[in-house]
Amino acid sequence: MKRFGILLLLTFSCCLSNAADRKPNFVVFLVDDLGWGDLGCYGSTFHETPHLDRLAAEGMKFTQAYSACTVCSPSRAAIMTGRYPGRLHLTDWITGHKRPNPKLQIPDWKMKMDHALTTLPEALKEAGYRTEFVGKWHLMPIGAEDFDQHYPDRHGFDINIGGREWGQPKGPGKYFSPFGMPNLDDGKQGDFLTDRLTDEAVKFIEQSKDNPFLLYFSYYTVHGPIMTKPELLEKYQAKATGFENTRNERVHPAYAGMIESLDDSVGQVLAKLDTLGLSKDTVVIFTADNGGTSQQSSGGLRGQKALAYEGGTREPLLAKWPGHIPAGSSSDVPAIGIDLYPTMLELAGLPAKPKAHLDGVSLAKILTSEADAVSRDALYWHYPHYHRTPPYGAVRKGDWKLIEFFEDNRLELYDLKNDPAESENMATAKPDLTAALHTNLKQWRTDVKAQMPTPNPDYDPNFVARKKSRRRNSNRPISTPLGEVSATSAQDGNPPAAALDGKQGTRWAASDGSVPQSWQLKFSEPKELKGVRIHWKNNTWYNHTVELSLNGKKWKKVGELNDSKTIKRPTVHEFSEPARYLRVTVTKLGSGWATFTELEPLFE
């Protein structure tokens, strides 16, 4: 009996030891285009976010947290690697804007994460974690040969649900079924994307409950297109009537509905952790990739997404871990997305990987109230691109923030403690501080080998940009050196003639996702054609036909790809026929809209 008692005691002690030694789970919520002022716990009164407000009350709320860039792909890569976008040379959303007649030429930046880097999920996998990615990825080199090598499951995630090259939902139903996303069942008609992704996240938690796991839930919401469920639209339309907007909040019923769906999703995931008894063993982190698309989402800060000011990069950041992170706590320590990687390693009791997360610093002691500061000199931003802003760089040191605009070398200095809205440029009033911060910024760019824009030798200061036509769905023929081009419809800025200009960076695109859509070329006189080569824009499948005609009335089919879901880029059809008209009709496609970058008629 005594021996049995000893055995029982040893077994019980072993169980306690194993429970104590278990590494914490991680649930990371990353929201797209969420403004600093969009949540109730950050001051919104129009939006309803009870679950996120509860998360803030049960953990720590950061008041001065930032994204690593003012647009999404660089911010996402920075979280994955613990490195500044400037060091990664991944400095714009993929594939970025192409501005006509820029004063500066943008550098030849990267559109992927190098596989030589050890990502956050790879580091956790090494320690025995099961990992799943859910939602928006947007870190794939569109059009490159190694495109397929850069899905989430090629960068450390065991499972990828919905992650692909898209920066927003582009499936036939956009936020409603069908979705057109990898490993995500379309469900039934009317299903909402945020809800379906949440179902998959909850399923992963159930399947992983016996081992440490990382759930990285990267929402497509609240990025456009702004769409919400009918009942939520009706709810917030009613609420907007008579709402006293004393804080200049964003009062947009459909957007508010998206915020509520986001909040419901977070609530369902947290509820699943509670139900399975995993809450005490799970670190929950909530943040966003860049500022909101309206300054009214910025909580009184200046600017919005794609601008150099606080509204472009200041983000909500919430963290909860019962028994470790004090409930109801807050921190005004400046934090940034690159810090999540080393923070999570330390919270898990794992050794740091300083050669991997070169730029991030651990916030673990801030979260557990063991410290009230971090060993970091400054925060830096580098955006050598055009968007809503000209190319710029910025540094925050202490309460001071300096912005340098590269086109004209203009400097702006702001006292964020006394002027968080960045209303007064202090650069002239404080020349010594301005010069010192400028020196810091330039030295940092040198240290990380940040790429800089260069003067454009073809820049024309007298250039006047042609106004885009507001007319859509135009099938008016457009003259080109090869002949007249037309289409059943075309997006503004993506006309039918763009598919004949010899540039892979331009394209024809139909005005919406409906099919069939046709593109047509009329030669000035009949030509002997030997085939056609079509370079499709989107990484999806296209069912289509190729037809020829001598008079535009009687057509002959010379090529087709039907009832196939094979992705072919480019598609080549060979034939030998005289023709004056060449027509390509997209009859079905996997997702998005009918679009190709080049169509090459092959001649004798």
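Ser369 is partly exposed, with a relative accessible area of 48%. In this predicted model, Ser369 also stands out for its backbone: phi is positive, at about 65 degrees, even though the residue is not a glycine. Ser369 sits in the loop that runs between helix H11 (residues 364-367) and strand E11 (residues 379-383). His89 shows a positive phi as well, again about 65 degrees and again without being a glycine. The loop that holds His89 links H4 and E3.

Two cis peptide bonds add to the list of backbone oddities. One joins Ile94 to Thr95, with omega at about 20 degrees, and Thr95 belongs to the loop between helix H4 (residues 85-88) and strand E3 (residues 104-105). Another cis bond links Thr221 with Val222, where omega is about 10 degrees. Val222 is part of the loop between strand E6 (residues 213-218) and helix H7 (residues 230-240).

Zooming out, the protein is built from 12 helices and 23 strands. For 604 residues, a compact globule would be expected to have a radius of gyration near 25 Å, and the 27 Å found for the protein agrees with that. Along the principal axes, the C-alpha atoms fill a box of roughly 95 × 75 × 55 Å. Of the 604 residues, 54% count as buried. As for how the chain meets itself, take the contacts between residues at least 6 apart in sequence: 70% of them join residues at least 24 apart.

The largest nonpolar core contains 46 residues, and those with the most contacts inside it are Phe26, Phe62, Leu124, Trp137, Tyr216 and Met344. Helix H10 (residues 340-347) supplies the largest share of this core, namely five residues. Leu124 gives a feel for the packing: with neighbours within four places in sequence set aside, Leu124 is in contact with Phe26, Tyr129, Leu214, Met344, Leu345 and Leu350. Another core lies apart from this one; it has 45 residues, including Leu34, Tyr42, Leu262 and Leu301.

Strand E2 (residues 60-66) is largely enclosed by the rest of the structure, because five of its seven residues are buried. Its pairing partners run in both senses. With strand E8 (residues 314-320), E2 pairs in the antiparallel sense over five bridges, and Lys61 faces Leu318 there. With strand E9 (residues 329-331), the pairing is parallel and spans three bridges; here Lys61 has Ser330 as its bridge partner. E2 also runs parallel to strand E10 (residues 335-336), joined by two bridges, and Ala65 stands opposite Ala335 in that pairing.

Helix H2 (residues 50-57) packs onto this part of the model. Its residues Leu52, Leu55 and Ala56 are buried. These three cover an arc of only 100 degrees around the axis, so they end up on the same side of H2. What the buried residues of H2 pack against is E2, helix H8 (residues 253-275), strand E7 (residues 282-288) and E8.

Helix H6 offers two buried residues that sit next to each other in the chain. Arg196 is found in H6, which covers residues 193-208. With a relative accessible area of 10%, Arg196 falls under the 20% cut-off and therefore counts as buried. A polar atom of the Arg196 side chain lies 3.2 Å from the backbone oxygen of Asp185. Beyond neighbours within four places in sequence, Arg196 is in contact with Phe179, Leu184, Asp185, Gly187 and Asp191.

Leu197 is also placed in H6, and it is buried at a relative accessible area of 1%. Leu197 and Val134 lie 63 residues apart in sequence, yet their C-alpha atoms are 6.6 Å apart in space. Residues up to four places away aside, Leu197 touches Val134, Gly135, Ile161, Leu184, Phe217 and Tyr220.

Toward the other end of the numbering, Gly590 occupies the loop between strand E22 (residues 571-589) and strand E23 (residues 595-603). Gly590 touches Pro172, Thr540 and Trp541 when residues up to four places away in sequence are not counted. Between Gly590 and Phe29, which are 561 residues apart along the chain, the C-alpha separation is 28 Å.

Note on methods. Residues are numbered from 1 along each chain as its sequence is written. This is a predicted model: local features need pLDDT of at least 70, side-chain atom pairs count only at pLDDT 80 or more; totals for chains, interfaces and linings use all residues. Side-chain values use heavy atoms; hydrogens and water are left out. A nonpolar core is a set of buried Ala, Val, Leu, Ile, Met, Phe, Trp, Tyr and Cys residues joined through side-chain atoms within 4.5 Å. Buried means under 20% relative accessible area, exposed over 50%, partly exposed in between (1.4 Å probe, protein chains only). Helices (H or I, at least four residues) and strands (E, at least two) are DSSP runs, numbered from the N terminus. Contact means heavy atoms within 4.5 Å. A polar contact is a pair of N or O atoms within 3.5 Å; within protein, one must be able to donate a hydrogen and the other to accept it, and residues adjacent in sequence count only if both atoms are side-chain atoms. Two strands pair if DSSP finds at least two bridges between them. The arc is that of the directions from the helix axis to the C-beta atoms. The radius of gyration is taken over C-alpha atoms; the globule rule is 2.2 Å times the number of residues to the power 0.38.
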